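Dear colleague,

I am passing on the structure we spoke of, with notes on what came out of it. Please have it open while you read.

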Amino acid sequence: MPQINEPDHGTGVVKKFMYLNRKAPYGTVYALEVLEMVLISAAFEQDVHLAFVDDGVYQIRKGQDTKGVEMKSFLPTYRALEGYDVEKLYVEKESMEERGLTAGDLVVPVEIIDRAAMRSLIDSMDVVLGG
Amino acid sequence: MKFGILVNEGPFNHQASDSAYKFTEAALAKGHEIYRVFFYYDGVNNANRLSEPPSDDRHIVKRWSELGKKHSLDLVVCVAAALRRGIKDELLAEGFRISGLGQLIEAGIQSDRLVMFGD
C-alpha cells in the first residue's frame with residue numbers, strides 16, 4: 001500500500017477550513033470520517049473550525065453508550081481536539097434547542113451561536129467540508 | 001479557475017458521482033483546471049475496476065478512468081476509507097491511485113474552490 005503522505009508544511013498557506021457536522025453520530029459513517037479530515041487538516045496547520053447543526057449536535061452529547069450497536073465510540077476524540085489546537089467549535093442555538101439540549105449536555109466547550117451568525121460564519125470560510 | 005473535486009458517495013446508489021463527473025467535464029470544457037478529484041467515504045467505490053453495470057447503463061468507473069486519461073486528472077482514493085471498504089491497489093481501475101487524506105486537504109489549500117458532492 002502507498003504510504004500516507006506527510007503533511008507539506010512548506011506551502012505556508014493557511015486557509016479557514018470548516019467542518020459542518022449535520023448528522024447524528026452513529027446512524028451513518030459521516031461523523032467518524034469527518035473527524036479524520038479534521039485531524040489531518042490540523043496536522044497541515046490549517047485554521048480549523050467545527051460546526052454542529054441539525055442532528056450533528058448529538059455528536060457531542062454527553063452519556064453516549066455504543067456497546068449495544070458494537071461501534072467504537074469516538075466521543076473521546078472530540079475531547080482530544082484541544083490537543084491538536086482545534087478549539088473553534090460552534091453549535092447552532094436553534095438546532096440545540098429544537099432537540100431539548102443545553103450547553104450542559106455537551107462534552108466539550110463550544111460557542112453557541114444563532115442561525116444567522118452560523119450563516120455568516122460559514123460565509124467567511126475558505127473551504128467548507130462536511131457530512 | 002482551479003477546482004478541487006470531492007466525491008463522497010459510491011456509484012449508482014447516489015447521484016453524487018454522476019454530478020461530480022458532469023461538473024468536472026463541464027469545468028474542463030470551459031477551460032478551467034481540475035487540481036484533483038478526491039474520493040472519500042463510499043466514494044472510494046467509484047474506483048473499483050470490477051464494477052460491471054448492465055450494458056445499457058452508464059459505466060461510472062470507466063467514465064472516470066477515461067476522463068482522467070484524456071485530461072491527465074489526478075484521481076485519488078483515500079487510503080483509510082478504501083481499506084475499510086476493501087478497495088486495494090489490485091482493485092483500482094486505470095488512472096486511480098490510493099493516497100492519504102492529506103491529499104484532500106492539500107487540494108483544499110491549492111484550489112480556488114473545493115466542490116463537494118454527496119450528502
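Helices (H or I, at least four residues) and strands (E, at least two) are DSSP runs, numbered from the N terminus. Thr102(A) lies in the loop of chain A that links α3 (93–98) and β4 (111–113). This is a predicted model, in which local features need pLDDT of at least 70 and side-chain atom pairs count only at pLDDT 80 or more, while totals for chains, interfaces and linings use all residues. Residues are numbered from 1 along each chain as its sequence is written, and chains are lettered from A and ligands numbered from 1 in the order in which they are written.

Chain A holds four helices and five strands, which run β-α-β-α-β-α-β-α-β from the N terminus on. Its radius of gyration (taken over C-alpha atoms; the globule rule is 2.2 Å times the number of residues to the power 0.38) is 15 Å, which agrees with the value near 14 Å for a compact globule of 131 residues.

As for burial, a residue is buried if 20 or more other C-beta atoms, placed from the backbone, lie within 10 Å of its own, exposed if 12 or fewer, and partly exposed in between. Of the 131 residues of chain A, 34% count as buried. Thr102(A) counts as exposed because it has 9 C-beta neighbours inside 10 Å; its C-alpha lies 9.6 Å from that of Arg61(A), although the two are 41 residues apart in sequence.

Strand β1 (residues 16–21) of chain A, by contrast, is mostly covered, with five of its six residues buried. Strands pair if DSSP finds at least two bridges between them: β1(A) is joined by six bridges to β2 (residues 47–52) of chain A, running parallel, and by four bridges to β5(A), also parallel. Within these pairings, Met18(A) stands opposite His49(A) in β2(A), and Tyr19(A) has Leu129(A) in β5(A) as its bridge partner.

In chain B, helix α4 (residues 102–110) is largely enclosed by the rest of the structure, because seven of its nine residues are buried; among them are Leu104(B), Ile105(B) and Ile109(B).

Finally, the contact between the chains (C-beta atoms, placed from the backbone, within 7 Å) takes 21 residues from chain A and 20 residues from chain B. On the side of chain A that touches chain B, α1 (30–43) and β5 (127–130) each give two or more residues, and α1(A) gives the most, with five.

With best wishes

How values were computed
Contact = placed C-beta atoms within 7 Å.
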